[in-house]
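Reader: I should be grateful for a close look at a single part of this model, followed by whatever surrounding detail helps to place it. Please set out the description as one connected account.

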Amino acid sequence: RKEFSRIWLKGEITTWRALLPVADDHPIHIYTRSDACGAAETWAAYLGGMQEDLRGIGVFGDPGLAEAVRKDPLGIGYNNINFAYDVATKLPVIGISPLPIDMNENGVIDPSEAIYAHRDAVTAAVADGRYPSPPSRTLYLVTKGTPRKKIVIAFLSWILSEGQRYAASAGYVPLTAFEIRHETAKLSKIAGSAEEQ
C-alpha cells in the first residue's frame, strides 16, 4: 500500500527502478479513471485519499483503463477483477500482470497473498477476507423506498436464490449463506403487502 500511495497520491515513485529491482530506469506511466466511479474511489480510499487525489493519465471506463495498461509495457493501473481476467480462461488478460499486494505489510508476498494467477483465487480471497475492503468493495442494489411491486420483489428473490449461481462466473463473489438468509427475511416481510404491476 505504501508504494502504491507513493505512486498515485504523492508522486514520489516515478520510475520502475524505484519500485522493482530492474536495471533500466524507465518511467512509470500511471493510469487512472477519468470518470467518477466506485473502483477509483475505493482504490483511493485504500491508499488514504479520494478519487480526485489520484495522479495519472485519465482514461474513461474499466475497459479503457485495462486496454491502456495492456498496450503500455511501462503502464500501471487499477481495475475491477472482471476486466483484469479473461472471462473464458479466468487467467489474467494477455498483456496484463496483476501486481500482488503485501496485505500484512511484512515485506514479502506470503503464500496466502499469492492469489493473482487465477480469477477464482482472487474472488475466493475476497470471500474469505484475505483480500479486504478496500481495495475490494461490496456492491448493492438500491431501490427508491421499500419495493412494493411483486415483479421487483420476485426479481430480488431470484438474485438471492437462483441468481447466485451466476455471480462467480461473472467475476463477483457470491453472497454468504448468512447474507442470503438475512436479505431473504427482509423480502419475506414485504412480500405479503406487494402490489401487482
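**A partly exposed loop residue and its surroundings**

Author: In this predicted model, K90 has a relative accessible area of 25% and is therefore partly exposed, since that class lies between the buried limit of under 20% and the exposed limit of over 50%. K90 sits in the loop between α5 and α6. Although K90 is not a glycine, its phi is positive, at about 65 degrees.

The loop between α5 and α6 also holds E105. E105, again not a glycine, has a positive phi of about 55 degrees. With a relative accessibility of 40%, E105 counts as partly exposed.

E105 leads to the start of the chain. Apart from neighbours within four places in sequence, R1 is in contact with Y46, L47 and E105. R1 belongs to the segment before α1 (2-8), and its relative accessible area of 38% makes it partly exposed. The C-alpha atoms of R1 and N104 are 9.8 Å apart, while 103 residues separate the two in sequence.

R1 also takes part in the lining of the second largest pocket, together with E3, F4, L19, L20, L99, P100, I101, D102 and I109. This lining comprises seven nonpolar and three charged residues, with no polar ones. The space in the second largest pocket amounts to about 260 Å³.

The account now turns to the sheet. Three strands make up an open sheet with parallel pairing, in the order β2-β1-β3. At its edges stand β2 (57-59) and β3 (75-76), each of which pairs on one side only. Three bridges join β1 (residues 29-33) to β2 in the parallel sense, and Y31 is placed opposite I57 in β2.

Across β1, β2 and β3 lies helix α4 (residues 61-71), which runs at about 175 degrees to β1. The buried residues of α4 are G61, D62, L65, A66, A68 and V69. They pack against β1, β2 and β3, and also against α3 (38-47) and α5 (81-84). In an α-helix there are 3.6 residues a turn, so residues three or four places apart point the same way.

Two further backbone features concern the loop between α6 (119-127) and α7 (150-160), where P134 lies. The peptide bond from S133 to P134 is cis, with omega near -15 degrees. The bond that follows, from P134 to P135, is cis with omega near 15 degrees, and P135 is likewise found in the loop between α6 and α7.

Note on methods:
Residues numbered from 1 in each chain as written. Predicted model: local features only at pLDDT ≥ 70, side-chain atom pairs only at ≥ 80, totals over all residues. Heavy atoms only, no water. 1 Å grid on protein atoms, 1.4 Å probe; cavity = no way out; pocket = protein on both sides within 12 Å on 5 of 7 lines; lining within 4 Å. Points joined across faces, edges and corners; volume = space filled by probe spheres on them. Nonpolar A, V, L, I, M, F, W, Y, C, P; charged D, E, K, R; others polar. Helix = DSSP H or I, 4+ residues; strand = E, 2+ residues; numbered from the N terminus. Buried < 20%, exposed > 50% of the residue type's maximum accessible area, 1.4 Å probe, protein only. Contact = heavy atoms within 4.5 Å. Pairing = 2+ DSSP bridges. Axes fitted to C-alpha atoms, helices over the stretch in contact; angles between N-to-C directions.
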